[in-house]
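Please open the model in your viewer and keep the selection tool at hand. The stops below follow one another, each beginning with something to select.

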Amino acid sequence: MNDAPSKLELTVLLATPRGFCAGVDRAIQIVEKAIEKYGAPVYVRHEIVHNRHVVERLKALGAVFVEELEECPADRPVVFSAHGVPKAVPAEAKSRKMFYLDATCPLVSKVHVEAQRHFDAGREIVLIGHAGHPEVVGTMGQLPEGAVALIETVADAQAYIPRDPATLAFVTQTTLSVDDTADIVAALRARFPAIAAPHKEDICYATTNRQEAVKAVAGRSEVLLVLGSANSSNSVRLAEVGRRAGARAYLIDDAEGLDVAWLEGARTVGVTAGASAPEVLVQGVIDRLAEHFAVQVEELDAERETVSFKLPRALAG
Ligand code: SF4
């Protein structure tokens, strides 16, 4: 007779869309194809995307991650990360006659172009974003020092004193909370009704879609598990959004980061992954849950994403 206690039932609600976005997919392919074409080592300035598993896998293939260009020998290819770089970086690479590949997401480059356009039109630019994030450093570094002011919160927006309120414009980081940013923009608009806004939202489609999907899942779950690394802005935002929607949300790198005690009393757990987290990690968490519970997986329906970006010419074909 088998008298082992039967497992408790647990519904796993999978958020859709989740995981890799087009910009991350392109950036990873750039490193992989560069190693294939030019051999190892290929240098990568900053983590290509903010995910520990992605970085470790690429290291094993022959990528060498550095923080500054000066750490790269001039005779090896170097890749700039998906977050974008200040203009000074490609300029330095050119002056050292280095071969570089730019994996900046085209949607980040679009923000760079917007900031430049405002600057050329003589506008004072406000960037809504998180201090120190490489995307923010890259966007601010498109223009001379002092041309872009960083605003992180509604309080910052309320306290901001422009040189000339009539010539203001704002741009944003691509991976912010949609709701928090709307509050900051509303605060800016209340004070500066003439402020020039992006033609189309700077927060990218992938960030927006993943936050929407997580709201739907978290509203029906006691616990939300977000696969992603702690330095991944969009993954951290997913956990925040889930918490606000009422779930106990945890950001974990992989199945090993899961503490089964978190699930005490839970009947439904939502699972999602940040834009830089591979899908295999999602399956790993489901497998780990299945060791402890009788798991039933349900995937919430959503429109599939069809965005994709071309590789740089040197690697295409
Ligand atoms: Fe590009 Fe958005 Fe992905 Fe960032 S999260 S790499 S901006 S698509």
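Begin by selecting D254 and R52, which in this predicted model form a salt bridge whose closest N and O atoms are 3.3 Å apart.

To place this pair in a wider setting, colour the chain by its three parts, which are domain 1 (9–20 + 205–299), domain 2 (22–105) and domain 3 (107–191). Between domain 1 and domain 2 the count of salt bridges is two.

Keep domain 1 and domain 2 on display, and notice that their C-alpha centres lie 30 Å apart, while the contact itself takes 13 residues from domain 1 and 11 residues from domain 2. Together the two domains bury about 940 Å² between them, with 49% of that area on carbon and sulfur atoms. On the domain 1 side, select F20, N231 and S276, the residues that lose the most area to domain 2 and that together account for 46% of what that side buries.

Now move to the ligand, and select the residues around it, namely C21, G23, V24, C105, L107, T174, T175, C204 and Y205. Which classes of residue make up this shell around the ligand? Six are nonpolar and three are polar, and no charged residues are found there.

With the shell still selected, bring back the domain colours: the ligand lies between domain 2 (22–105) and domain 3 (107–191), because both of them give residues to the shell around it. Finally, if your viewer can draw cavities, look for the largest cavity, which is the space taken by the ligand.

Key
Residues are numbered from 1 along each chain as its sequence is written. This is a predicted model: local features need pLDDT of at least 70, side-chain atom pairs count only at pLDDT 80 or more; totals for chains, interfaces and linings use all residues. Side-chain values use heavy atoms; hydrogens and water are left out. A residue is near a molecule or strand if one of its heavy atoms lies within 4 Å of it. On a 1 Å grid over the protein atoms alone, a cavity is a set of points where a 1.4 Å probe fits but cannot get out, and a pocket is an open set with protein on both sides within 12 Å along at least five of seven lines; lining residues have an atom within 4 Å of a point. A molecule sits in a cavity or pocket if more than half of its atoms lie within 2 Å of its grid points. Ala, Val, Leu, Ile, Met, Phe, Trp, Tyr, Cys and Pro count as nonpolar, Asp, Glu, Lys and Arg as charged, and the others, Gly among them, as polar. Domain bounds come from an automatic or database domain assignment. Contact means heavy atoms within 4.5 Å. Buried area is the accessible area (1.4 Å probe) that two parts lose on being put together, summed over both. A salt bridge is a side-chain nitrogen of Lys or Arg within 4 Å of a carboxyl oxygen of Asp or Glu.
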